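Here's a quick briefing to keep beside you while you look at the model. Take a look at the structure first, then read on.

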Amino acid sequence: MNGKRGGDALVGILLLGAAAALILKKLGYWGEIRILPLLWSILLVKWFWEGLVRREVGKMFFSLALFIIANDELLHLEALTPGTVLAAAALGTLGMQLLFPQFGKNHIKTVFREWQGKSFDKGDILFYRNNFSGLTKYLTGEIGALNLQNRFGGMEIFFHEATPKNGELYVYVESSFGSVELYIPAEWRVEQRVSTAFGAVDESGSCDSNGAYVVYIEGKVSFGALEIHYI
């Protein structure tokens, strides 16, 4: 069972449990139940599951932190919410990513194999990492795949001097607490399915939907932004 199906199944089970709890409450067999916190907690459990399956450390820690905040009275953890729990989640995320930088790094192979029937050898992937600083790269030559990891910083990647290998370029972006800016020729076609958790994906300008070169962008952004500029 893949991460998405597993997450959907988990949420389905939790929703059935919530439905049963509401019926029991109405019949007088259950105590006080608040529907909105209950649904919010179910969503947070789903996010935690997705983070666990996809090896997204930030998603795991912050979904757990928000779950604790939403249920602090039930868990008797009012003294830790919200500031201490959120700070611990941020520090824990950063610590895990610095201690285990390879965690989730090979994800680019699986996502594009699932999406486009494409797999890569290790030597086919350009890899850039940025932590607590700024990084600017002007790509040149023929490129097939690009893996970008950004933590607490900013990245700027320019594609106008590069050529997609066999007409296709696969980009995987993983960014937390920072921003990644991609400058892509407007005559190229871009398809993206980047997931966000307390983040955003913005596009400036427009690309050519019939472009000869295609860029596939996959990834995850948390507490930051991915900006795609068409130049």
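What follows covers charge pairs, one buried serine and a nonpolar patch. Keep in mind that this is a predicted model. The salt-bridge count comes to 4, and some of those bridges link strands that sit well apart in sequence.

**Salt bridges**
- K220 pairs with E174, with the closest N and O atoms 4.0 Å apart. That bridge links strand β9, home of K220, to strand β5 (residues 168–176), where E174 sits, across 46 residues.
- Both partners are tucked away: K220 counts as buried at 6% relative accessibility, and E174 is buried at 7%.
- E218 bridges to R193 at 2.6 Å between the closest N and O atoms. E218 is in strand β9 and R193 in strand β7 (residues 189–197), so this pair ties together parts 25 residues apart in sequence.
- Here the burial is mixed: E218 is buried at 9%, whereas R193 is partly exposed at 36%.
- Shared partners join R151, E174 and K220 into one salt-bridge network.
- E191 and R189 also meet in a salt bridge, at 2.3 Å from N to O. E191 is partly exposed at 27%, and R189 is partly exposed at 22%.

**S222 in strand β9**
- S222 belongs to strand β9 (residues 214–222) and is buried, with 14% relative accessible area.
- Beyond its neighbours within four places in sequence, S222 contacts S175, S176, F177, A197 and F198.

**Nonpolar patch**
- F48, W49, L52 and L64 make a nonpolar surface patch of about 330 Å².
- Helix α2 (residues 35–54) gives the most to this patch, with 3 residues.
- L64 lies in helix α3 (residues 57–70) and is partly exposed at 42%.

How values were computed. Residues are numbered from 1 along each chain as its sequence is written. This is a predicted model: local features need pLDDT of at least 70, side-chain atom pairs count only at pLDDT 80 or more; totals for chains, interfaces and linings use all residues. Side-chain values use heavy atoms; hydrogens and water are left out. Helices (H or I, at least four residues) and strands (E, at least two) are DSSP runs, numbered from the N terminus. Buried means under 20% relative accessible area, exposed over 50%, partly exposed in between (1.4 Å probe, protein chains only). Contact means heavy atoms within 4.5 Å. Patches are made of residues with over 30% relative accessible area and no salt bridge: like charges are joined within 9 Å, nonpolar side chains (Val, Leu, Ile, Met, Phe, Trp, Tyr) within 5 Å. Accessible areas come from the Shrake-Rupley method with a 1.4 Å probe; for residues, only the protein chains shown count as cover. A salt bridge is a side-chain nitrogen of Lys or Arg within 4 Å of a carboxyl oxygen of Asp or Glu.
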